[in-house]
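Here are my notes on the model you sent over. Have the structure open while you read, and go through the points in order.

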Amino acid sequence: MTGGLVVVGASLAGLRAVEAARRFGYEGAVTMIGAEEHLPYDRPPLSKRYLTGAAEVTYFRSEDDLRTELAVDLRLGVAATGLDPKAHVVNTTAGDVPYERAVIATGAEPRTLPGLPELDGIVTLRTLDDADRLRSSIRPGSRLVILGAGFIGSEIASSASSLGAVCTIVESAPVPLIRAVGDEVGLALAGLHERNGTRLLLGTEVVECTGSPRLESVRLSTGETVPADLLVVGIGAVPATGWLRESGIELHPVDGGVVCDDCLRSSDADVFAAGDAVHWPNAALDMVMRLENWTNAAEQASRAGANAAYPAKAQPYETVPYFWSDWYGKRIQFVGTASAETVEFVSGGPAESRFVAIYRTGDRVVGAATLDERRKIMKLRRLIAARGPITGVHAIIGAA
Ligand code: FAD
């Protein structure tokens, strides 16, 4: 055997894949390759408590733990540049790494907006280094324009305004978060910005950035010019799979994500994948999906790691998606899918400080969104997993 298990991407999914392989008894060599210099760390706080300075960075494991307990050959600050499935080799900036089986866990990277000039003060947020740069630039009175009213942009507005910054969110869609939560709940969440002093401009685009070398203002499609110290581009993420372009591994024609089967195997039998980079058929919702959330990256990678270690015993992975987001001290949670025939607020309402909204197709509950209703969401997740009927919701809501 040459090369053992090679995991590309040293973040949440990469780590969980390694842990699962070892937990299931894999004793071969394990190599983890990560482009960042940092040990695997937790990303969600970067736009929340880490950005406000209320929390330090959370590393999942110490280097000693990784190298001794998990017996990982850890290669940080090394980027994969290619993969040759025939030769069973990952090409990297530090030479070729042979593998018996590989797990792709390179996640996602910020989507960029073509045409934006390269000015100081125009930033994105994905990594710890990005968060450090952003954190050091926000001061009381700083003027932030946030491009995109998605979850990360919204969290940045919430965190920055708690530090005394003046935030304007510019969103090209007429309603934010339609794909993630649908328009009823998207509008309800938009109300949180207005109620907390963040200006939200919908149906608006940035047409010009001025200043040199530092950003001074942005001009909007409405004709308005907004003075800005920082422009945070938060218009979503795309799979970080450019390095696989010549590999022959099947990539999604639209976003370049790795196309996998139900067992998280790519188009090559010895290459598995997990996390934000992956499209796979999710039997729990009868949909092919790619998710960008923490819980999926962790759970999916555990399955991918076990399957890569023991491919003859590979098992399918399915999940009822779950994510959370924190805005202005409030917890938003979502389970399932927003692709539904109807959406109904069954507790609270769109303008209230707490609510539960249920997404329904036929008699089946397919999704749920909650605002500050932490104890209900996991029960709703179990109901959706059991393909439960709408009547099951009433017991959960009543049992608050
Ligand atoms: P990533 O965490 O993106 O890790 C991929 C790793 O691979 C990176 O370290 C990258 O440097 C490395 N890499 C990329 N290309 C290469 C290469 N060629 N060679 C070697 N290494 C490479 N989810 C929630 O559910 N709730 C939240 O509140 C939430 N908040 C978030 C806040 C922020 C600011 C961000 C960025 C994400 C948030 N998420 C949240 C999403 C969650 O963090 C991700 O779903 C999760 O990190 C995905 O894990 P991953 O390992 O697939 O990818």
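1. A term to settle before we look at the sheet: two strands count as paired if DSSP finds at least two bridges between them. Keep in mind that this is a predicted model.

2. With that in hand, take the five-stranded open sheet, which runs in the order β9-β16-β10-β11-β12 with parallel pairing. Its edges are β9 (122-123) and β12 (199-201), each of which pairs on one side only.

3. Now zoom in on one pair from that sheet. Strands β10 (residues 143-147) and β16 (residues 230-233) are joined in the parallel sense over four bridges. If you want a spot to click on, Leu147 has Val233 in β16 as its bridge partner.

4. On to the ligand: which residues come nearest to it? Out of 32 around the ligand, they are Ser11, Glu36, Arg43, Lys48 and Arg126.

5. Two of those make contacts worth checking on screen. A side-chain N or O atom of Glu36 sits 2.6 Å from a ligand oxygen, and a polar side-chain atom of Lys48 is also 2.6 Å from an oxygen of the ligand. Trp294 uses its backbone instead, with an N or O atom 3.1 Å from a ligand oxygen. The protein covers 92% of the 1,000 Å² of accessible area that the ligand has on its own.

6. What is the shell around the ligand made of: how many nonpolar, polar and charged residues? The split is 17 nonpolar, eight polar and seven charged. Domain 1 (5-110 + 237-313) and domain 2 (122-233) each contribute at least three residues. Elements supplying at least two residues each include α1 (12-23), β2 (30-34) and α7 (294-309).

Technical notes: Residues numbered from 1 in each chain as written. Predicted model: local features only at pLDDT ≥ 70, side-chain atom pairs only at ≥ 80, totals over all residues. Heavy atoms only, no water. Near = heavy atom within 4 Å. Polar contact = N/O pair within 3.5 Å; in protein donor to acceptor, adjacent residues only side chain to side chain. Areas by Shrake-Rupley, 256 points an atom, 1.4 Å probe, with all protein chains shown as cover. Nonpolar A, V, L, I, M, F, W, Y, C, P; charged D, E, K, R; others polar. Domains from an automatic or database assignment.
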